[in-house]
Amino acid sequence: EGLVNPDLASEKELLAIPYLNVTIARSIMERRPFLKMTDLNSLLAQSLSKEQLAELYGKMFVQINLNTATDEEILMIPGTGKRMLREFLEYRPYRTLAQFHKEIGKYVNDKELARLEQYVFVPISLNTGSDEDILSIPGTGKRMLREFKEYRPYTNIEQFRKEIGKYVDKKEVARLERYVTLIY
């Protein structure tokens, strides 16, 4: 079973996670989207211990951008210490998740690599990303794939916000924007 995405999970899904009660689940739902893992951590750290958070992050996490994540965010991935932090940083910038797979795969076995990959993403190019790339963005389906592609080529991120904002609210645009780039 994969990690629960706190930006997309239902209240029922959130309540199935250790240490999340109705109050915490509802505050997650009210405050989302979480544009950084540190934002979610700040909310949860008000009620949970470091040990509880470490266990919880084995079940639920805001995926982090491999190219911009802070040391603090990378170290929130359960089981990631200083050595793995160094390896994550060494190969920046990542152009694809396949690059992360290849480089980090030198240090860990396939099972651990698959676990780590759930916690991270590499932004996809709005103008050249494949259908598969776009569909890898959590919560995007065939309809959003069509909308993303309809407005190509994007000349700036404001254009993305305006066009995609026709289909979803500002919060969802901000969440989707985390996963895309105009670079490459």
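Let's start with a pair of charged residues: lysine 166 and glutamate 163 join their side chains in a salt bridge, 2.5 Å from N to O. Keep in mind that this is a predicted model. The two partners sit in contrasting surroundings: lysine 166 is exposed at 51% relative accessibility, whereas glutamate 163 is buried at 8%.

That pair is part of a bigger set, as the structure holds 11 salt bridges. Here are some of them:

| Salt bridge | N to O distance |
|---|---|
| Lysine 166 and glutamate 163 | 2.5 Å |
| Lysine 106 and glutamate 103 | 2.5 Å |
| Arginine 115 and glutamate 112 | 2.8 Å |

Take lysine 106 and glutamate 103 next. Lysine 106 is exposed, with a relative accessible area of 53%, while glutamate 103 counts as buried at 10%. They also have company: Lys102, Glu103 and Lys106 are linked in a network of salt bridges.

Now for arginine 115 and glutamate 112. They are three residues apart in helix 8 (residues 110-117), so about one helical turn separates them. Arginine 115 is partly exposed, with a relative accessible area of 24%, and glutamate 112 counts as partly exposed at 24% relative accessibility.

Finally, have a look at threonine 80, in the loop between helix 5 (71-75) and helix 6 (82-90). Threonine 80 has a relative accessible area of 9%, which is under 20%, so this residue counts as buried. A polar atom of its side chain lies 3.0 Å from the backbone oxygen of isoleucine 77. Setting aside neighbours within four places in sequence, threonine 80 is in contact with Ile74, Leu75, Leu85 and Leu116.

Conventions: Residues are numbered from 1 along each chain as its sequence is written. This is a predicted model: local features need pLDDT of at least 70, side-chain atom pairs count only at pLDDT 80 or more; totals for chains, interfaces and linings use all residues. Side-chain values use heavy atoms; hydrogens and water are left out. Helices (H or I, at least four residues) and strands (E, at least two) are DSSP runs, numbered from the N terminus. Buried means under 20% relative accessible area, exposed over 50%, partly exposed in between (1.4 Å probe, protein chains only). A polar contact is a pair of N or O atoms within 3.5 Å; within protein, one must be able to donate a hydrogen and the other to accept it, and residues adjacent in sequence count only if both atoms are side-chain atoms. Contact means heavy atoms within 4.5 Å. A salt bridge is a side-chain nitrogen of Lys or Arg within 4 Å of a carboxyl oxygen of Asp or Glu.
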